[in-house]
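This report goes through a few local features of one protein chain. Please look over the sequence and the structure before reading on.

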Amino acid sequence: QVQLVESGGGLVQAGGSLRLSCTASGDTFNRYAMGWFRQAPGKEREFVAAISWAGATKSYGDSVKGRFTISRDNLKKTVALEMNSLKPEDTARYYCAAGGNGEYRGSSYYTSDLKYTYWGQGTQVTVSP
């Protein structure tokens, strides 16, 4: 079992930055790949970023490449999402997820929400024009 708690969301103007953080508790954190997804009202959940168990590989959704950066600290059991050059279309609820217990695959394997077992409650990000 893994419990995930996101923080760091808020309201920001277009062009601004935010840093989301996700803190894990429970099972051994470094056995899991970690991901960030987002969902806006009326839209499907969208892949944002994934990072492999040791942080060696990272993958990003096309809409955030070059603007967002995912990172993890296995000692602190945290995963972060640094978001720069934010756009109004980035407005959504952002979810942290853990998956692939003991699989030790690269991040590109974890771009689908079906690959994740545990989810946080999410944190809201709103970007004003």
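The sections below cover a cysteine pair and then two loop residues with an uncommon heading in common: backbone angle.

## Model

The structure is a predicted model.

## The disulfide

The structure contains 1 disulfide. Its partners are Cys-22 and Cys-96, whose sulfur atoms lie 2.1 Å apart. This pair joins distant parts of the chain, with the two positions 74 residues apart in numbering. Cys-22 belongs to strand β3, which covers residues 18–26, while Cys-96 belongs to strand β9, which covers residues 92–99.

The torsion about the S-S bond of Cys-22 and Cys-96 is about -80°, and the disulfide is therefore left-handed. Cys-22 and Cys-96 are both buried, which means that each has under 20% relative accessible area.

## Lys-77

Lys-77 is not a glycine, yet its phi is positive, at about 60°. The residue sits in the loop that runs between β7 (68–73) and β8 (78–83).

Is Lys-77 buried, exposed or partly exposed? Its relative accessibility is 28%, so Lys-77 counts as partly exposed; that class lies between the 20% and 50% cut-offs.

## Ser-85

Ser-85 also has a positive phi without being a glycine, here of about 50°. Its place is the loop between β8 and β9, and β9 is the strand that holds Cys-96.

With a relative accessibility of 42%, Ser-85 counts as partly exposed.

Definitions and conventions. Residues are numbered from 1 along each chain as its sequence is written. This is a predicted model: local features need pLDDT of at least 70, side-chain atom pairs count only at pLDDT 80 or more; totals for chains, interfaces and linings use all residues. Side-chain values use heavy atoms; hydrogens and water are left out. A disulfide is a pair of cysteine sulfur atoms within 2.5 Å. Helices (H or I, at least four residues) and strands (E, at least two) are DSSP runs, numbered from the N terminus. Buried means under 20% relative accessible area, exposed over 50%, partly exposed in between (1.4 Å probe, protein chains only).
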